[in-house]
Amino acid sequence: MTEFLNRNCFGNPVLAYFSALSFVVVLSMLLAVSSRIIFRKKDENRGFLSETLKKHFFPVLYFLVLYAGLRFLSFPETVCRVIDKTSLVAAIILVVRFLIFAVSYFLKRSYDGDTKTGAAKIPLMPFVKVALWSAGLLFVLDNFGFDINTLLAGLGIGGVAVALAAQAVLRDLFNYFVIVTDRPFVIGDFITVGDFKGIVERIGIKSTRLTSISGEKLIFSNTFLAESVIKNYSEMERRRVVFNIQVKYETQLAKLKEIPDLIKKAIEDTEGSIYDRSHFGSFSDWGLVFEAIYFIEGGDYLKYMDVKQRINSKTFELLSESGIEFAYPTQTIHLEKHENGES
């Protein structure tokens with residue numbers, strides 16, 4: 001038995017192969033048992049540390065166990081170099097995968113806090129993946145003896161040429177990152193840009209798409225949006241409503257004095273509104289103008305219109321019950337009769 005274990009096989013005694021295999025098998029089993037104990041409970045809301053341990057830390061440990069097991073054996077210099085280079089590539093792949101996971105996790109955590117959008121709807125991760133895998137590839141090429149300085153110089157010259165030829169696209173790309181990071185609006189917000197109004201449907205790399213109230217698609221370049229004044233109604237905590245009515249000049253003074261209180265009652269009796277003030281404001285060409293101001297909580301446009309409709313209906317009802325008539329554009333022509341009978 002001793003003679004068999006000491007027999008040389010491919011440059012190593014058989015005992016060395018058994019030792020390496022035993023080392024790898026025993027430690028791999030310990031890692032597998034540890035993993036099952038730690039993650040025996042299914043938790044769909046695992047945190048960053050838990051996900052890192054399961055998807056990235058334990059694979060690294062398995063890799064280190066295998067690499068350490070190979071060190072029990074002696075190999076020719078060429079084979080050692082192959083093992084070292086392969087291990088380097090594997091290590092870089094593991095590191096890049098972890099960095100991609102970390103960036104993706106924190107992006108999702110940042111955007112999932114807002115129920116209107118999600119990281120999956122914002123195409124930022126493809127750029128992150130390309131950048132990290134490119135950096136990993138350059139690191140591998142550098143360690144394999146390639147001259148990456150020449151490659152980088154060539155890419156730099158080509159990049160300048162591409163940038164000059166695609167300035168508009170690059171501006172839109174830059175402003176895409178501005179919109180994503182600064183977040184003047186998110187998917188699902190109701191915004192106005194100039195004379196255009198709509199709900200944000202998609203934030204793309206070059207353009208952002210809205211759906212207008214009437215249903216058509218509105219497409220804006222990201223540069224245009226970044227340079228425009230944007231009104232975001234979804235961020236409103238409450239809406240201020242200026243409410244004007246006009247009544248006839250023939251209305252009696254006692255009735256005029258009742259109108260502010262009637263408007264106040266209409267507003268206060270309507271759920272979802274907050275009364276501010278109501279006054280006899282001015283005189284117009286065909287009526288007496290009363291101005292009232294109230295607030296509606298939230299930025300929901302449908303709620304705003306519903307509350308406004310109920311207040312208008314209630315005001316009309318109360319004023320009609322009090323015998324107060326609304327004014328409308330009219331002209332009264334007064335004719336004078338002269339002594340000779342002519343008018």
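Which residue forms a salt bridge with Asp269? The partner is Lys265, and the closest N and O atoms of the two are 2.9 Å apart. Keep in mind as you read that this is a predicted model.

## The chain as a whole

Let's start with the overall picture. The protein chain contains 10 helices and 10 strands. Out of its 343 residues, 29% count as buried. The chain exposes about 22600 Å², and carbon and sulfur atoms supply 60% of that area.

Contacts across the sequence are worth a look too. Take the contacts between residues at least 6 apart in sequence: 61% of these join residues at least 24 apart.

## Three salt bridges

The structure holds three salt bridges. As a general point, side chains of opposite charge can pair when their charged atoms come close. In the pair from the opening question, Asp269 has a relative accessibility of 46% and counts as partly exposed. Lys265 is also partly exposed, at 40%.

Another salt bridge brings together the side chains of Lys248 and Glu325, at 2.6 Å from N to O. This pair links distant parts of the chain, 77 residues apart: Lys248 sits in the loop between β8 (238-247) and α9 (253-268), while Glu325 belongs to the segment after α10. Lys248 is partly exposed, with a relative accessible area of 24%. Why does Glu325 count as partly exposed? Its relative accessibility is 45%, and the partly exposed class lies between under 20% for buried and over 50% for exposed.

## Strand β10 and its neighbours

The remaining pair takes us into the strands. Arg277 and Glu291 meet through their side chains in a salt bridge of 2.6 Å, N to O. Arg277 lies in strand β9 (residues 273-283) and Glu291 in strand β10 (residues 288-297), so the salt bridge ties together parts that are 14 residues apart in sequence. Arg277 is partly exposed, with a relative accessible area of 26%, and the value for Glu291, likewise partly exposed, is 26%.

β9 and β10 are connected in other ways as well. A hairpin joins β9 to β10 through four residues. The two strands run antiparallel, with nine bridges between them. In this pairing, Phe283 has Leu288 in β10 as its bridge partner.

β10 also pairs with β8: the two run antiparallel and are joined by 10 bridges. If you want a spot to find on the model, look for Phe243, which stands opposite Ala292 in β10. Is β10 largely enclosed or open? Eight of its 10 residues are buried, so β10 is largely enclosed by the rest of the structure.

## Tyr304 in helix α10

Our last stop is a residue in a helix. Tyr304 has its place in α10, which covers residues 301-321. Is Tyr304 buried or exposed? Its relative accessibility is 14%, so Tyr304 counts as buried, the cut-off for that class being under 20%.

Which residues does Tyr304 touch, leaving aside those up to four places away in sequence? They are Arg239, Val241 and Ile296. Val241 is 63 residues from Tyr304 in sequence, yet their C-alpha atoms are 9.3 Å apart in space. Ile296 falls within the residue range of β10, 288-297, and Arg239 and Val241 fall within that of β8, 238-247.

Technical notes:
Residues are numbered from 1 along each chain as its sequence is written. This is a predicted model: local features need pLDDT of at least 70, side-chain atom pairs count only at pLDDT 80 or more; totals for chains, interfaces and linings use all residues. Side-chain values use heavy atoms; hydrogens and water are left out. Buried means under 20% relative accessible area, exposed over 50%, partly exposed in between (1.4 Å probe, protein chains only). Contact means heavy atoms within 4.5 Å. A salt bridge is a side-chain nitrogen of Lys or Arg within 4 Å of a carboxyl oxygen of Asp or Glu. Two strands pair if DSSP finds at least two bridges between them. Accessible areas come from the Shrake-Rupley method with a 1.4 Å probe; for residues, only the protein chains shown count as cover.
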